[in-house]
Amino acid sequence: MSVADACTPFAHGASRSAWEQAHAAVQADEGLWRLLRLDGLQSDGFGGLFEVRICPRCQSTILRPTSREQAIELCFQLEKLQAQALEALSHPGTGVVLPLSAPAPQPASVLRTPGPISP
Ligand SMILES: [Zn+2]
């Protein structure tokens with residue numbers, strides 16, 4: 001671990017106990033938790049929900065239980081952020097034309113295999 005890494009609150013070693021301890025500390029700290037990149041929401045299959053975030057140190061996913069109300073609030077925050085981004089993109093003079101639907105799929109590149117080898 002470099003000195004720069006050691007200065008971040010997300011620093012942890014490579015051992016299982018090191019990352020378990022660091023991830024648990026981040027899960028317990030609301031401010032640190034909100035700094036992690038959001039990777040979605042996940043059902044526990046029994047009516048509960050998890051918020052999924054990414055550890056900047058090891059890129060692993062970290063799950064934390066969340067309430068339905070918190071999940072809905074998070075979705076509204078993301079919707080607002082997306083609306084602001086689309087508004088910025090659609091501002092006259094930007095030259096950006098927003099597609100009305102998903103972009104058309106690009107043709108797959110053709111893989112060429114070598115021909116038979118003659119003896
Ligand atoms: Zn980690």
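This report describes a three-stranded sheet and the helix that packs on it, as they appear in a predicted model.

**The sheet**

Strands of a sheet pair through backbone hydrogen bonds, either parallel or antiparallel. In this model three strands form an open sheet in the order S1-S2-S3, and the pairing is antiparallel. The edge strands are S1 and S3, each of which pairs on one side only, and from one strand to the next the twist averages 30°. The two pairings, with the hairpin that belongs to each, are set out below.

| Strands | Bridges | Residues between the strands | Residue with positive phi |
|---|---|---|---|
| S1 (residues 37-43) and S2 (residues 49-54) | six bridges | five residues | Gly45, near 85° |
| S2 (residues 49-54) and S3 (residues 61-66) | six bridges | six residues | Gln59, near 65° |

Individual bridges show how the strands are matched: Ser43 has Leu49 of S2 as its bridge partner, while in S3 the partner of Glu51 is Arg64 and the partner of Arg53 is Ile62.

**The helix**

Helix H4 packs on this sheet, where it touches S1, S2 and S3, and its direction makes about 45° with that of S2. The helix covers residues 68-89, which is 22 residues, and it reaches 31 Å from its first C-alpha to its last, close to the 32 Å expected at 1.5 Å a residue. Is H4 largely in the open or largely buried? Residues count as buried if 20 or more other C-beta atoms lie within 10 Å of their own, and of the 22 residues of H4 the number buried is zero, so the helix lies largely in the open.

Key: Residues are numbered from 1 along each chain as its sequence is written. This is a predicted model: local features need pLDDT of at least 70, side-chain atom pairs count only at pLDDT 80 or more; totals for chains, interfaces and linings use all residues. Helices (H or I, at least four residues) and strands (E, at least two) are DSSP runs, numbered from the N terminus. The expected span of a helix is 1.5 Å times one less than its number of residues. A residue is buried if 20 or more other C-beta atoms lie within 10 Å of its own, exposed if 12 or fewer, and partly exposed in between; C-beta atoms are placed from the backbone. Two strands pair if DSSP finds at least two bridges between them. Axes are lines fitted to C-alpha atoms, for helices over the stretch in contact, and angles run from 0 to 180 degrees between N-to-C directions. Two residues are in contact if their C-beta atoms, placed from the backbone, lie within 7 Å.
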